[in-house]
2 protein chains.
Amino acid sequence: MIKISDAELEVMQVFWGKKEANSFDVIEALKDKNWSDNTVRTLIKRLQAKKAITIVKQEGKVYYYKSLINENEYKIKESNNFIDKLYNGSVSDMLLCFAKENKLSKKDLEDLIKKIDGED
Amino acid sequence: MIKISDAELEVMQVFWGKKEANSFDVIEALKDKNWSDNTVRTLIKRLQAKKAITIVKQEGKVYYYKSLINENEYKIKESNNFIDKLYNGSVSDMLLCFAKENKLSKKDLEDLIKKIDGED
DNA sequence: AATCATAAACTACAAATGTAAATTAAGGAG
DNA sequence: CTCCTTAATTTACATTTGTAGTTTATGATT
């Protein structure tokens with residue numbers, strides 16, 4: 001599976017938020033990170049090399065890219081890896097840990113159940 | 001905060017599981033990883049350099065170490081970082097994502113609520 | 001057509017990481 | 001006391017990552 005670094009992930013999040021984007025769009029979207037334009041361009045290039053994004057069109061000398069990775073699929077996979085690493089693969093263990101530290105209440109879970117019901 | 005790499009984390013998990021351990025204990029505990037002994041020793045050394053573990057005693061030329069990092073605190077912090085990165089800081093968003101992909105059911109959440117009640 | 005602005009590409013470079021070999025030092029065997 | 005074993009320490013080295021400067025190529029301007 002494609003390995004995406006933290007900095008690259010920030011760029012991916014931009015592509016996940018739009019159907020397509022050019023370098024400048026990404027630079028704009030990540031302005032609050034205070035990265036140099038070249039830094040963003042490097043990250044885009046690396047994502048392209050990793051085949052996480054691809055060029056969809058060209059306008060003058062500007063390229064437009066789009067994500068080749070399914071956002072939810074990727075996030076689920078990464079989440080599972082994470083939970084494997086820290087909580088021995090048990091979502092419940094993680095949530096119990098959160099609950100124990102008061103990061104997650106009974107009410108949060110109840111609300112969530114309602115939301116899930118709503119989705120079905 | 002101390003930054004622990006994936007490989008180092010495996011070693012930390014061993015220390016979190018025992019009050020103290022020497023290099024050989026860790027090598028044994030991680031046998032299934034098929035790492036060379038020296039690899040494990042390097043990781044122990046790096047964790048020591050990072051002050052994630054410390055020597056607690058010496059027997060002959062063998063050192064015993066113990067974790068200096070609180071397991072739950074560390075895991076919560078890392079989990080929060082992770083959720084920030086992928087789910088914009090929302091535990092609920094993550095759980096909804098899991099639910100959407102059938103990785104988490106209403107029943108799981110109900111069971112969890114019971115467990116949390118049990119803990120109070 | 002010559003020049004300029006700038007997007008894209010290439011190069012750079014230190015720190016972190018995975019992975020382990022080589023070297024050193026110290027306790028135990030003879 | 002000398003030598004062997006082996007734990008510990010040091011050194012190694014390619015890859016990834018964060019971060020950005022330098023060079024090139026190309027469309028726009030005069």
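At what angle do helix H4 of chain A and helix H4 of chain B pack, and how far apart are their axes? In this predicted model, the two helices, each spanning residues 71-87, pack at an angle of about 175°. Their axes lie 12 Å apart. H4(A) is therefore roughly antiparallel to H4(B), as the angle is over 145 degrees. On H4(A), the contact is made by Lys75(A), Glu78(A), Ser79(A), Phe82(A) and Leu86(A). H4(B) contributes Lys75(B), Glu78(B), Ser79(B), Phe82(B) and Leu86(B). By class, this contact has four nonpolar, two polar and four charged residues.

The relation between the chains was examined next. A turn of 179° with a shift of 0.0 Å along the axis lays chain A on chain B, with an RMSD of 0.1 Å. The two copies are thus related as by a two-fold rotation axis. In chain A, the C-alpha of Leu109(A) is nearest this axis, 3.3 Å from it. Both copies use the same surface: 97% of the contact residues of chain A recur in chain B.

Chain A is divided into domain 1 (6-67) and domain 2 (71-119). Their centres, taken over C-alpha atoms, are separated by 30 Å.

DNA strand C has 22 residues around it. Ser23(A), Ser5(B), Asp6(B), Ala7(B) and Thr42(B) come nearest. In chain A, helix H3 (37-49) and strand E3 (62-67) each give two or more residues to the surface near the strand. In chain B, helix H1 (6-17) and helix H3 (37-49) do so. The residues of this surface comprise five nonpolar, 10 polar and seven charged.

Key
Residues are numbered from 1 along each chain as its sequence is written. Chains are lettered from A and ligands numbered from 1 in the order in which they are written. This is a predicted model: local features need pLDDT of at least 70, side-chain atom pairs count only at pLDDT 80 or more; totals for chains, interfaces and linings use all residues. Copies are superposed by least squares on the C-alpha atoms of residues with pLDDT of at least 70 in both. Two residues are in contact if their C-beta atoms, placed from the backbone, lie within 7 Å. Domain bounds come from an automatic or database domain assignment. A residue is near a molecule or strand if its C-beta atom, placed from the backbone, lies within 6 Å of it. Helices (H or I, at least four residues) and strands (E, at least two) are DSSP runs, numbered from the N terminus. Ala, Val, Leu, Ile, Met, Phe, Trp, Tyr, Cys and Pro count as nonpolar, Asp, Glu, Lys and Arg as charged, and the others, Gly among them, as polar. Axes are lines fitted to C-alpha atoms, for helices over the stretch in contact, and angles run from 0 to 180 degrees between N-to-C directions. Angles under 35 degrees count as roughly parallel, over 145 as roughly antiparallel, 65 to 115 as roughly perpendicular and the rest as oblique.
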